[in-house]
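User: Please take a close look at one part of this structure and explain how it connects to its surroundings. Define each term with its cut-offs as it comes up.

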Amino acid sequence: MLTITASGCTSPAANHSEGCCTNPVSQTAPGQYRDAAGFSNLEQKAIGPIGVREPFYGVRLLNRDGTTVQEWPLDSLTSYQPVWDDEEEHGPGMLVYSLNGRLPSILQQNGSISVLSQPKWAPPQVEFTNDFGLNVQYADRLVQNEIYAVNGHLKLYRVNTRSGVSLELYESARPIYGIAASPDNDRVALLVASDDTFGPDADLIVLDRDGNKLLHRPRVSYLSHSDGFLFIYPLAWNDNETVTVPVDGSRRAEPVAFYISV
């Protein structure tokens, strides 16, 4: 847990109460307050020189005090997402996407970086590009070197990350907004555009690892945005039988969870 402490309190004395800030204050004159360090709000505090670092572009893992634990310099970084790897014991890593033709990389909390193999799939005849400028989207789980991926935001594959061998599982009639895998990687959930206009509504489709459809619920997810834009929708599995989809705007205030029973 990140602990944040206040360096003073600027509340008027009449509104100041015990516990409202870390350092108590005392009024020294009308409109002027002094904190525990002895500085008033009308005095200028001396600030030490700020160290200037070389420009950095990439991902940094920081400690609680702001010191760098590990950093991954990356060029053309465009987006990243969490990914759980069954071979890692340090928690989820990050799957990082780039725009310069580089394959996505998985950054682990132990500092390792692995580049995914080029999937062996045919270029889609029709494809869509999302708001990040990408036409490929991976699921959030890697189990026994297998991960689900959507190519062109229409075709779903199960991909071996070492060999690149890909098995086509499903083709959607409309763009896929989001994808997530169950903890055991035996099921995959998709959020698919409900309308041809790429509107805010999305259907939930759940498939098994062979592409058999287990569930289809129309218009269960809603993220407010204008038609015609392909945004990535977050969704996640609570366990192997429950998946949570996002809902915002005027529909509901809380995400919706669905129990999958087969």
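Analyst: A polar contact is a pair of N or O atoms within 3.5 Å; within protein, one atom must be able to donate a hydrogen and the other to accept it, and residues adjacent in sequence count only if both atoms are side-chain atoms. This is a predicted model, in which local features need pLDDT of at least 70 and side-chain atom pairs pLDDT 80 or more, while totals for chains, interfaces and linings use all residues. Residues are numbered from 1 along each chain as its sequence is written, and side-chain values use heavy atoms, with hydrogens and water left out.

The part chosen is His-153, in the loop between strand 11 and strand 12. Strands (E, at least two residues) and helices (H or I, at least four) are DSSP runs, numbered from the N terminus. His-153 has 0% relative accessibility and therefore counts as buried; buried means under 20% relative accessible area, exposed over 50%, and partly exposed in between, with a 1.4 Å probe and protein chains only. Its side chain makes a polar contact of 3.3 Å with the side chain of Asn-130. A polar atom of the His-153 side chain also lies 3.3 Å from the backbone oxygen of Leu-134. Beyond neighbours within four places in sequence, His-153 is in contact (heavy atoms within 4.5 Å) with residues including Phe-128, Val-136, Gln-137, Pro-175, Ile-176, Leu-230 and Ile-232.

The flanking strands, 11 (residues 146-151) and 12 (residues 155-160), pair in the antiparallel sense over six bridges; strands pair if DSSP finds at least two bridges between them. Asn-151 has Lys-155 of strand 12 as its bridge partner. Both strands belong to an open, antiparallel sheet of four strands, in the order 9-11-12-13. Strand 9 and strand 13 (166-171) each have a single partner strand, so each edge strand has one side without a neighbour in the sheet. The twist from one strand to the next averages 25°, with axes fitted as lines to C-alpha atoms and angles running from 0 to 180 degrees between N-to-C directions.

Strand 14 is the next element to consider. Six of its six residues are buried. Strand 14 pairs with strand 15 in the antiparallel sense over five bridges, and Ile-179 has Leu-190 of strand 15 as its bridge partner. The two strands form a hairpin with five residues between them, and Asn-185 in the turn has a positive phi of about 65°.

Strand 14 (residues 176-181) also holds Tyr-177, which counts as buried at 0% relative accessibility. The largest nonpolar core has 18 residues, of which Tyr-177, Ala-189, Leu-191, Leu-204 and Leu-235 touch the most other members. Such a core is a set of buried Ala, Val, Leu, Ile, Met, Phe, Trp, Tyr and Cys residues joined through side-chain atoms within 4.5 Å. Strands 14, 15 (187-193), 16 (201-208), 17 and 19 (242-245) each supply at least two residues of this core. Setting aside neighbours within four places in sequence, Ala-189 is in contact with Gly-178, Ile-179, Leu-204, Leu-235 and Val-243, among others. In soluble globular proteins, nonpolar side chains tend to be buried together.
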